[in-house]
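Got the viewer open? Let's take a walk through this one together, one selection at a time.

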Amino acid sequence: MIKRILKGISNFLFIILLILLSISFYSWVQISIIHKPYSSFMGYSIFEVVTGSMSGTIEINDYIIVKETKDIKLKDIITFKDKDSLVTHRVMEIKSDSIVTKGDANNSEDIELKYEDVIGKVVYVLPKGGVWKKVFTDYNVLIMLFVTMTFFTIYFSLDEKKEEKKNKKNSKKVLKQEDTPKVSENIIELPKEKQNVEDKSLKTIELPKMKSVEDKKSSKTLELPKMKK
């Protein structure tokens with residue numbers, strides 16, 4: 001039971017590690033090779049908050065999941081381009097050709113921005129996700145996790161093979177034990193059948209003997225008495 005629980009935990013962690021490595025590699029390809037300002041996956045992007053302008057709602061080191069859309073409403077929290085940086089603030093006013101935003105912790109509103117600068121709106125906040133990013137992007141941590149998961153995978157695979165061999169041996173023993181009684185029963189039954197046949201033959205032979213004895217007795221009864229002289 002304990003082995004099954006440990007195996008389930010190791011498999012779960014191994015899958016998460018693979019997912020994180022895949023996301024990291026995909027993001028690296030988009031930013032470093034394709035030269036995009038940010039990475040996106042199926043219309044969603046993940047950003048780390050590095051300032052406290054939205055403190056009270058979104059804190060430093062939080063991760064935000066942003067859905068790429070231009071469908072913006074009042075009071076939505078959006079992420080937009082501001083020159084060479086990305087900003088996440090709340091929508092305070094929507095005009096025909098521009099949007100006014102403001103950080104929840106700021107005293108003044110931002111400069112009006114164009115719709116084309118909007119990346120999307122925040123749909124989910126992962127508290128302290130940046131801390132986990134630092135942990136899982138540390139090469140030493142990744143190497144340790146990979147070695148540990150590999151060790152557990154090899155250990156459980158070898159253990160399963162040993163159990164399979166034991167089960168095969170046990171099944172063979174059971175089959176042998178089931179077969180041997182049948183053979184012995186057959187061997188014992190054969191003499192019994194012969195004895196029955198012999199008994200029957202003896203009975204059939206004894207019957208004539210009984211008749212012969214009766215004939216002798218009958219012959220004695222037929223003898224005439226001797227006459228005295």
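## The lay of the land

Start at the N terminus and follow the protein chain along: its elements run α-β-β-β-β-β-β-α-α. That comes to three helices and six strands. Keep in mind that what you have on screen is a predicted model.

Try colouring by pLDDT next. The protein chain averages 76, and 69% of the residues score at least 70. Which element has the lowest mean pLDDT, and which the highest? Helix H3, residues 139-221, has the lowest, at 61, while E5 has the highest, at 95. Now select residues 211-222: the pLDDT here is below 50, and beyond near neighbours in sequence this stretch has zero contacts in the model. Where pLDDT is low, the predicted coordinates should not be read in detail.

Two figures for the whole protein chain before we move on. Buried residues make up 20% of its 229 residues. Among contacts with a separation of 6 or more, 48% are between residues 24 or more positions apart.

## Into the sheet

Hide the helices and look at the strands. You should find an open sheet of six strands, ordered E1-E2-E6-E3-E4-E5, with antiparallel pairing. Strand E1 (44-48) and strand E5 (99-102) are the edge strands, each pairing on one side only. From one strand to the next, the twist averages 50°.

Begin at the E1 edge. In a regular strand the side chains alternate between the two faces of the sheet. Show the side chains of E1: Ser45 and Phe47 make up its covered face, and Tyr44, Ile46 and Glu48 its uncovered one. E1 pairs with E2 in the antiparallel sense, over five bridges. To see one of the matches, select Ser45 and look across to Val66, its bridge partner in E2.

Step on from E2 (residues 63-68) to E6 (residues 118-126): these strands run antiparallel, and six bridges join them. Pick out Glu68 and you'll see Gly120 of E6 standing opposite.

Now jump to the other edge. Strand E4 (residues 85-94) runs antiparallel to E5, with four bridges between them. The two form a hairpin with four residues between them. Select Glu93 to find one of the matched positions: its bridge partner in E5 is Val100.

Are the faces of E5 covered or uncovered? Both are covered: Ile99 and Thr101 are buried on one side, and Val100 and Lys102 are buried on the other.

## Stop at Arg90

Stay in strand E4 and select Arg90. Is Arg90 buried or exposed? With a relative accessible area of 18%, it counts as buried, because the cut-off for buried is under 20%.

Show what surrounds Arg90. Leaving aside neighbours within four places in sequence, Arg90 is in contact with Met54, Thr57, Lys75, Asp76, Ile77, Val100, Thr101, Lys102 and Asp104. Zoom in on Asp104 from that list: a polar contact of 2.8 Å joins its side chain to that of Arg90.

## Over to Lys70

Next, pick Lys70, in the loop between E2 and strand E3 (77-82). Lys70 is partly exposed, with a relative accessible area of 46%.

What is Lys70 in contact with, leaving aside its neighbours within four places in sequence? The residues to select are Tyr115, Glu116 and Val118. Draw a distance from Lys70 to Tyr115, C-alpha to C-alpha: it comes to 7.1 Å, though the two are 45 residues apart in sequence. Then turn on the side chain of Lys70, which reaches the backbone oxygen of Tyr115 at 3.2 Å.

## Last stop: a pair of rings

Bring the helices back for the end of the tour. The structure holds three aromatic pairs. One of them is Tyr26 with Phe41, an edge-to-face pair with 5.7 Å centre to centre and 85° between the planes. Why is this pair worth a look for anyone tracing the chain? Tyr26 lies in helix H1 (residues 2-33) and Phe41 in the loop between H1 and E1, so the pair ties together parts that are 15 residues apart in sequence. Switch on the surface to finish: Tyr26 is partly exposed, with a relative accessible area of 37%.

Notes: Residues numbered from 1 in each chain as written. Predicted model: local features only at pLDDT ≥ 70, side-chain atom pairs only at ≥ 80, totals over all residues. Heavy atoms only, no water. Pairing = 2+ DSSP bridges. Axes fitted to C-alpha atoms, helices over the stretch in contact; angles between N-to-C directions. Buried < 20%, exposed > 50% of the residue type's maximum accessible area, 1.4 Å probe, protein only. Contact = heavy atoms within 4.5 Å. Polar contact = N/O pair within 3.5 Å; in protein donor to acceptor, adjacent residues only side chain to side chain. pLDDT = per-residue confidence, 0-100. Phe/Tyr/Trp six-rings, centres within 6.5 Å; stacked < 30°, edge-to-face > 60°.
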